[in-house]
Amino acid sequence: EKLHDSGFNNCISRVSLRPWNANWSEVAESLWLLGQHHNAQVLVNVYAYSWGGGWGFPRLAAELLKRDIMIQTAVLSDAVYRHPRAWMRWTSLLKRDAALSPVIRVPRNVQSVYPLHQVQNSPQGHRITAGPGFSAHINPSQSVAADHQYMDDAPAFHSRSLHAAAWLQATN
């Protein structure tokens, strides 16, 4: 809502809210079609929380990569890894610093990542690392004093997201 209220949903910029388990192929295809329709390069930012950052974001990025679309900035608030196999989903509950803690791998079409995490309760945002061929910048994760269920409301998440949106719009 803050992105809408700040004017980032207009004729050159669109904001959409998607669940963590959306059909990311369909989302990527609709973005590609928008670019084709407007004969324009599609620029994407992602603002994601929990499984949206640990499951949805990497899958959207992979689908966009197939269509040669870049993600300029990803702001990830307490991104939690979600294993694709049901019998391994317990790994989502491992603390971020645990020996067997999973890692979220970022595809190579992402320019920069701004992660935030908390260590007050579980689940905790997992570490984020570059995938194969990654050449962009993953910023150090910012620790936020909040429980996981409130990380999507964290002022640092909102502030970083609004800043990234303003930067993206200014580059157009």
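Which helices and strands each supply at least two residues of the lining of the largest pocket? In this predicted model, the elements that do so are α1 (2-5), α2, β1, α3 and α4 (155-170). The briefing below starts from that pocket and then takes up the enclosed cavity, the nonpolar cores, the salt bridges, a contact between distant parts of the chain, and some backbone details.

**Largest pocket**

- The largest pocket has a volume of about 1800 Å³, and its lining is made up of 49 residues.
- Nearest to the centre of this pocket lie R14, V15, S16, N45 and Y47.
- Sorted by class, the lining of the largest pocket consists of 27 nonpolar, 16 polar and six charged residues.

**Cavity**

- The structure contains one cavity of 30 Å³ or more, and the space in the largest cavity comes to about 30 Å³.
- The residues that line the largest cavity are L76, D78, A79, R96, P115, L116, H117, G125, H126, I128 and S141, and they divide into five nonpolar, four polar and two charged.
- Strand β4 (residues 110-117) provides the largest share of this lining, namely three residues.

**Nonpolar cores**

- As a general background, nonpolar side chains in soluble globular proteins tend to be buried together.
- The largest nonpolar core here has 24 residues, and V46, F57, I71, L76 and V110 are those with the most contacts inside it.
- At least two residues of this core come from each of α2 (24-38), β1 (44-49), α3 (51-66), β2 (71-77), β3 (103-106) and β4, with α3 giving the most, at four residues.
- A second core, separate from the one just described, has eight residues, among them L116, A146, M151 and A154.
- Two residues appear in both the cavity and the core descriptions: L76 lines the largest cavity and belongs to the largest core, while L116 also lines that cavity and is part of the second core.

**Salt bridges**

- The salt bridges in the model number four.
- R67 and E29 meet through their side chains in a salt bridge with an N to O distance of 2.8 Å, and this pair links distant parts of the chain, since R67 sits in the loop between α3 and β2 and E29 in helix α2, 38 residues apart.
- Within that pair, R67 counts as buried because its relative accessibility is 18%, which is under the 20% cut-off, whereas E29, at 32%, is partly exposed.
- E63 and K66 form another salt bridge, at 3.1 Å from N to O; the two residues are three residues apart in helix α3, so about one helical turn separates them.
- The burial of these two partners can be stated separately: E63 counts as buried at 15% relative accessibility, and K66 counts as exposed at 63%.
- The side chains of D97 and R127 also meet in a salt bridge, with an N to O distance of 2.2 Å.
- Because D97 lies in the loop between β2 and β3 and R127 in strand β5 (residues 127-130), this pair ties together parts that are 30 residues apart in sequence.
- D97 is exposed, with a relative accessible area of 55%, while R127 counts as partly exposed at 40%.
- E29, E63, K66 and R67 are joined into one network by salt bridges that share partners.

**A contact between distant parts of the chain**

- L162 has its place in helix α4 and counts as partly exposed, at 24% relative accessibility.
- The C-alpha atoms of L162 and S6 are separated by 8.1 Å, although these residues are 156 residues apart along the chain.
- When residues up to four places away in sequence are not counted, L162 touches K2, L3, S6 and F8.

**Backbone details**

- S122 and P123 are joined by a cis peptide bond, for which omega is about 0°, and P123 has its place in the loop between β4 and β5.
- N39, a residue other than glycine, has a positive phi near 50°; N39 is located in the loop between α2 and β1 and counts as exposed at 75% relative accessibility.
- S50, also a residue other than glycine, has a positive phi near 55°; S50 is found in the loop between β1 and α3 and counts as buried at 13% relative accessibility.

Definitions and conventions:
Residues are numbered from 1 along each chain as its sequence is written. This is a predicted model: local features need pLDDT of at least 70, side-chain atom pairs count only at pLDDT 80 or more; totals for chains, interfaces and linings use all residues. Side-chain values use heavy atoms; hydrogens and water are left out. On a 1 Å grid over the protein atoms alone, a cavity is a set of points where a 1.4 Å probe fits but cannot get out, and a pocket is an open set with protein on both sides within 12 Å along at least five of seven lines; lining residues have an atom within 4 Å of a point. Grid points are joined across faces, edges and corners, and a volume is the space filled by probe spheres set on the points. Ala, Val, Leu, Ile, Met, Phe, Trp, Tyr, Cys and Pro count as nonpolar, Asp, Glu, Lys and Arg as charged, and the others, Gly among them, as polar. A nonpolar core is a set of buried Ala, Val, Leu, Ile, Met, Phe, Trp, Tyr and Cys residues joined through side-chain atoms within 4.5 Å. Buried means under 20% relative accessible area, exposed over 50%, partly exposed in between (1.4 Å probe, protein chains only). Contact means heavy atoms within 4.5 Å.
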